[in-house]
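Ready for a few exercises on a structure you haven't met before? Have a look around first, then try each task before you read its solution.

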Amino acid sequence: MTTLLIAAAKAPVIDYKGISPLFAVAGGAVIVLMAALIRGRFAQRVLVPFLTVGALGAAIGLSIWNWHTGDSRPIVEGALAIDPLALGLSLLFYITGLATVAFAWRSRALRESGTGEFFGLMLGSIAGMTILGSAENLITLFVGIELLSIPLYVMCASDVRRETSLESGLKYLVIGSVGSATLLYGLALIYGATGHTGFAEINNAIGNSVNLTDPLLLTGIALAAAGLAFKASVAPFHAWTPDVYEGAPTPVTAFMAVATKTAAFAVILRFFLEALVSAQEQWAPALAALAVITIIVGNVGAIAQNSLKRMLAWSGVAQAGYMLAGVVVGTQLGLQATAFYLAMYLFMNLAAFGVVIARERVSEHGDGLKSLEGLGSASPLLAWPMTIAMLSLAGFPATAGFIGKFYLISAAVDGNWAWLGVMIVVGSMLSLVYYLRVIAVMWMTPLKIELPGRPRRARREVQPVAGWSPEADPRAQPEVLLVTLIMAAATIFFGIVPSPLFHLAHDVGTSISALFS
Amino acid sequence: MSATAWGWLVLAFPLAGTVVISLGWRALPGRMAGWLGSGAILAAFVCAVGATVKLQKLAPHARHASSTLFDYAHSAGINIGMSIYVDPLSLFMALVVSGVSFLIHVYSVSYMTSDRGYSRYFAYLNYFVFSMLLLVLAGNIIILIVGWAGVGMASYILISFWYRRTTATAAGMKAFVMNVIGDVALVLAAFLLWRHAGHHVSFNGIFAGSKQAFGTNNGTLIAACLLLTVGAFAKSAQVPLHTWLPDAMEGPTPVSALIHAATMVTAGVYLIARFHPLYELAPTAADITAGFAAFTLFYAATCALAITDLKRIIAYSTISQIGYMMLGVSTGGYDGGLFHLMTHAFFKALLFMGAGSVIGAMAGIQDIDRMGGFRKSMRFTYVTFVVGALALASFPPMSGWFSKDEILGFDVHRGGYYLVLAIIGFAAALITAFYSFRMVFRVFHGAAVPEAQSLERGELAHGEHLNPMTGEHEDTDVGFPGAEHHIAEREWPMKFAMSILAVLAIIGGIVGIPGVTHWLRNFLDPVFADSKFINTQPTDTSSWIGLVVGAGIALAGITIAYVCYIRQPGTTGRIAARVPALQRLFVNRWYWDELYDALFVRPSATLGNFGRYVVERAFVQGTLVGGATRIVGVGTAIARGLENGYIRAYAVLMLLGFGGLGLYFLLQAAF
């Protein structure tokens with residue numbers, strides 16, 4: 001009895017309202033797995049995806065319910081906290097999850113691995129991301145990273161009868177383990193140097209009880225930075241990205257490209273700006289160097305890629321470089337710009353991946369650049385979102401990407417890192433080479449064959465898109481088309497009316513009030 | 001409704017016409033676009049009349065009103081409203097512009113029938129009228145510049161209307177470039193006035209501010225006025241910015257009638273009349289303007305003597321006549337200048353319409369050497385053309401007689417320098433009378449050419465489709481003139497427009513007969529009430545003496561033409577052979593184009609070629625871009641090489657990366 005009482009007294013204080021989004025996704029994962037035990041087409045094709053969508057929808061609703069501005073509020077003692085940064089980025093995870101459900105619904109990976117397993121793993125990974133976004137100490141950080149990564153390794157290999165999918169999963173596992181080990185080692189050294197695991201305590205210790213030039217601390221930061229850079233595919237820790245992205249089933253690639261990257265940046269923002277902000281003088285130049293290398297390597301690598309997925313992987317590397325610049329600045333404005341860019345990054349990448357998914361299922365060229373030939377005239381409903389996504393990724397005005405880059409550059413200049421802003425511009429210039437190539441392939445090929453006309457419409461003469469078949473009509477995959485169109489529309493909308501997201505980004509910026517505003 | 005409400009409606013109708021025709025052209029059957037456009041302009045004219053009636057009810061000193069619709073630009077230190085200013089001057093211009101435009105629209109309904117760009121034509125034409133009305137109704141100098149640029153744009157797209165004709169597109173570009181010179185000058189003038197005259201953009205604000213800020217002949221004010229003059233000269237094709245107007249004849253003939261004779265080119269005259277308080281404060285600038293105007297009117301008349309392209313003769317005549325108007329408004333004879341603006345709009349539009357009819361009968365040929373003897377076959381065109389020519393020659397009692405001689409009479413009255421200018425004007429009047437009837441006699445008299453003979457038989461000539469300037473073959477698809485030609489004798493809308501203009505060209509002078517009617521002067525007086533020349537008017541007697549002298553000169557000129565072309569044909573050839581140098585000078589329009597070619601075009605082309613072949617190709621493309629491309633290419637190869645698919649390679653790369661990071665942090669720890 002007494003032991004029980006003592007245990008009750010020592011039990012952590014949990015804010016159930018604050019933790020409810022996490023419960024929604026983690027609980028959702030369990031429910032989805034259980035529901036998948038029901039046999040039958042309905043349960044597999046409708047019920048399980050529906051439950052997944054329900055869990056994510058509930059999480060979105062609960063996150064909005066929890067929304068508040070200002071400093072973070074602890075929810076499980078000092079382990080987790082919620083603040084606009086955590087909530088805002090969680091929303092991005094959930095939206096990506098919803099899009100992935102649509103993308104995966106007709107995919108072979110889903111049939112091969114089992115619906116329940118696939119969506120269960122995905123929800124588990126999202127739970128890991130949610131933890132990561134609100135981690136307040138080194139332990140939860142690492143738990144989050146692992147909870148995020150391990151389901152992903154499996155998801156990469158979920159197309160179990162395709163060799164490249166297995167290869168991708170295995171490669172990710174091996175390299176990912178190296179990354180996790182590095183990170184863990186770094187976290188251990190930081191703990192060793194400061195004697196604390198909580199971010200706030202670590203930050204207090206640095207400069208007070210621990211010297212800024214303490215080799216143990218600095219080695220720890222170096223190792224942790226390397227581990228996190230790996231997750232965010234920052235060069236030179238990016239080498240796995242093209243291979244894994246190419247091999248994984250495309251819905252999983254889309255999920256990784258957007259959600260994992262967002263999660264990685266969530267933790268990078270939190271770790272460097274909350275726990276290590278006192279050592280900014282030390283780490284900022286190193287991260288700046290990494291950002292420059294990433295921008296150059298990503299953009300240069302993307303040129304001359306013939307696989308769209310590989311191209312988007314390299315482009316994702318380059319984009320990580322831009323966002324790292326926002327972290328380096330280390331001001332509230334930098335934080336806002338990075339969060340804002342992550343949202344924009346979601347819209348434009350999901351639009352692009354939607355088109356890749358729609359095309360690779362019907363084209364004999366798979367995800368090759370050739371699968372887009374003549375798409376402009378064959379199915380403009382796919383060609384336009386791709387065009388918008390590419391222009392936005394390149395940072396054309398009137399698209400979300402332009403506003404995002406503008407925000408990042410302005411943050412860099414404002415924080416006396418003007419040369420990083422210049423690097424972003426140089427990188428964008430290089431990126432036009434491969435982004436515009438996609439647009440050219442879609443629109444600049446001549447027309448040839450005649451499509452059977454829909455009733456009351458004139459027949460259309462079109463260029464036969466490689467591997468053309470009745471299914472090539474995007475209307476054969478309405479859910480993919482819908483997500484793609486929504487994302488493209490959002491890209492344009494927020495490119496023209498960015499103010500709603502500016503306000504959200506501003507709220508996010510207030511999460512870490514210690515920052516120089 | 002207030003006068004300004006009518007004023008807004010004047011603007012609204014042509015704009016609506018443009019929008020409706022541009023967007024709805026697919027749904028408009030046959031000549032619908034043409035009638036729609038004409039209707040919009042007629043509505044604008046009616047509204048202008050409404051505004052005038054409303055304004056005339058007020059006391060003379062109160063006859064002006066402005067109205068602002070919304071903030072056009074509102075920024076630190078400057079607040080520009082989208083506003084109009086309605087006073088007798090702007091309404092006078094609006095009435096002339098919308099009235100003549102309506103008639104030319106009606107004429108075009110027929111004339112352009114077979115053109116494949118029919119709806120596009122009327123959308124452009126409505127847009128032009130909108131811009132022109134915006135220009136004259138503008139409530140401040142910024143909106144005036146907007147309208148000014150708008151008409152420049154309209155002029156450009158209508159000169160290049162047959163966009164597959166290389167000569168037409170080249171002419172359009174030339175006109176645009178020349179006009180931009182004027183636009184820049186106008187913007188600079190606006191800036192100078194804003195900067196130095198108390199930060200005003202409204203006209204009355206600028207005038208009041210200038211009176212306060214500048215004394216008579218202040219250097220800044222002279223500079224501002226001369227810049228205004230440059231703007232006016234570019235738009236009104238005055239020497240030395242005149243070379244674009246003859247080339248502008250590449251556009252369809254009704255466009256020449258509307259834009260390059262009756263309305264747009266007179267915008268410069270309006271500008272100077274509008275800014276007359278500044279010119280009166282800076283008499284030096286006014287005198288320089290007048291000097292150039294006098295030179296222009298004489299120079300252009302001599303060119304019209306020698307050229308053989310029918311439309312270009314009328315174009316040079318336009319330059320010359322605008323010279324008279326400029327002379328009038330820059331020397332203080334505002335009523336005369338604007339009076340001539342109005343009568344010139346009537347008879348010059350009429351002449352162009354007649355020329356269009358003749359060119360239609362000639363199946364597109366414009367050379368008067370190929371024409372002759374149309375008197376019998378084109379009765380209607382002949383009569384109206386003679387009316388136009390008489391008015392241009394200022395033969396009594398045509399409208400041109402009253403208006404031109406009012407300008408010259410005023411300048412004789414001012415004496416001195418202005419007397420010299422007036423004498424130049426009288427000399428040019430003799431040439432004008434001569435070349436007017438040179439056209440009449442060469443085109444309508446003499447032996448009938450094959451086209452005229454076939455027309456007498458009732459058949460309209462069908463020539464090959466050729467570019468009249470270069471002789472290149474053309475098809476009749478969109479971008480080239482249409483397949484059919486149209487003459488006034490067979491199209492009632494053309495006849496209608498020409499009849500009304502002919503009547504106006506005859507009786508238009510009624511608004512300003514010295515000693516009898518002073519209607520125009522009384523109407524405009526509220527605008528020029530502040531002028532120091534308001535009482536410097538010649539007496540009625542001396543006006544009539546001037547008119548008699550003018551009539552004598554006109555009669556002399558016509559007689560000489562009659563002798564040269566009817567009584568003793570070939571006289572002109574003998575004269576030309578006697579003084580070949582003069583003939584060459586006139587035919588080559590005094591070598592202005594060649595001068596500009598040598599001064600500006602060729603040096604620019606040389607510079608451009610240097611930039612293209614040396615800077616661009618060798619340095620930028622070869623060294624900079626080529627070098628950068630090669631660097632990126634090598635980088636791509638390296639990146640792809642590292643990406644070999646083996647995990648061990650990736651691990652090594654990560655290790656290297658971590659090594660670098662670790663080294664950096666440890667070095668920090670060490671120092």
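Below are six exercises, each with a worked solution.

Some ground rules come first. This is a predicted model, in which local features need pLDDT of at least 70, side-chain atom pairs count only at pLDDT 80 or more, and totals for chains, interfaces and linings use all residues. Residues are numbered from 1 along each chain as its sequence is written, chains are lettered from A and ligands numbered from 1 in the order in which they are written, and side-chain values use heavy atoms, with hydrogens and water left out.

**Exercise 1. Get to know chain A**

Task: find out how many helices and strands chain A has, and what share of its residues count as buried.

Solution: Start with the elements, taken as DSSP runs numbered from the N terminus (helices are H or I with at least four residues, strands E with at least two). Chain A has 21 helices and four strands. Next comes burial, where buried means under 20% relative accessible area, exposed over 50%, and partly exposed in between (1.4 Å probe, protein chains only). Of the 517 residues in chain A, 62% are buried. Last, look at contacts, meaning heavy atoms within 4.5 Å. Among the contacts in chain A with a separation of 6 or more, 77% are between residues 24 or more positions apart.

**Exercise 2. Two threonines**

Task: decide whether Thr69(A) is buried, partly exposed or exposed, then do likewise for Thr343(B).

Solution: Take Thr69(A), which sits in the loop between helix H3 (41-66) and strand E1 (73-76) of chain A. Thr69(A) counts as partly exposed because its relative accessibility is 48%. Leaving out residues up to four places away in sequence, Thr69(A) touches Pro84(A), Asp507(A) and Thr510(A). Thr69(A) and Leu504(A) are 435 residues apart in sequence, yet their C-alpha atoms are 9.5 Å apart in space.

Now go to Thr343(B), in helix H15 of chain B. Thr343(B) has 0% relative accessibility, so it counts as buried. With residues up to four places away in sequence left out, it touches Ser399(B), Gly400(B), Ser403(B) and Gly508(B).

**Exercise 3. Covered elements in chain B**

Task: work out how many residues of strand E2 in chain B are buried, and which residues of H11(B) are.

Solution: Strand E2 of chain B covers residues 78-86, and seven of its nine residues are buried. Its partner is strand E1 (residues 65-75) of chain B, which runs antiparallel to E2(B) and is joined to it by eight bridges; pairing calls for at least two bridges found by DSSP. One spot to check is His74(B), which stands opposite Asn79(B) in E2(B). Then move to helix H11 (residues 267-274) of chain B, where eight of eight residues are buried. Those in H11(B) include Val269(B), Tyr270(B) and Arg274(B).

**Exercise 4. Hunt for cavities**

Task: say how many cavities of 30 Å³ or more a search of the whole structure finds, and what lines the largest cavity.

Solution: Work on a 1 Å grid over the protein atoms alone: a cavity is a set of points where a 1.4 Å probe fits but cannot get out, a pocket is an open set with protein on both sides within 12 Å along at least five of seven lines, and lining residues have an atom within 4 Å of a point. The search gives six cavities of 30 Å³ or more. The largest cavity has a volume of about 210 Å³. It has 20 lining residues, and Glu406(B), Gly512(B), Pro514(B), Arg521(B) and Ser543(B) are the closest to its centre. H17(B) gives the largest share of this lining, five residues. By class, the lining of the largest cavity has nine nonpolar, six polar and five charged residues.

**Exercise 5. The largest pocket**

Task: find which residues lie nearest the centre of the largest pocket.

Solution: The largest pocket holds about 760 Å³ of space. Of its 44 lining residues, Ile359(B), Gly364(B), Ile365(B), Gln366(B) and Pro468(B) lie nearest the centre. Helix H14 (310-331) and H15 of chain B are the elements that give two or more residues to this lining.

**Exercise 6. Where the chains meet**

Task: count the residues in contact between chain B and chain A.

Solution: On one side are 21 residues of chain B, in contact with 36 residues of chain A.

Notes: Grid points are joined across faces, edges and corners, and a volume is the space filled by probe spheres set on the points. Ala, Val, Leu, Ile, Met, Phe, Trp, Tyr, Cys and Pro count as nonpolar, Asp, Glu, Lys and Arg as charged, and the others, Gly among them, as polar.
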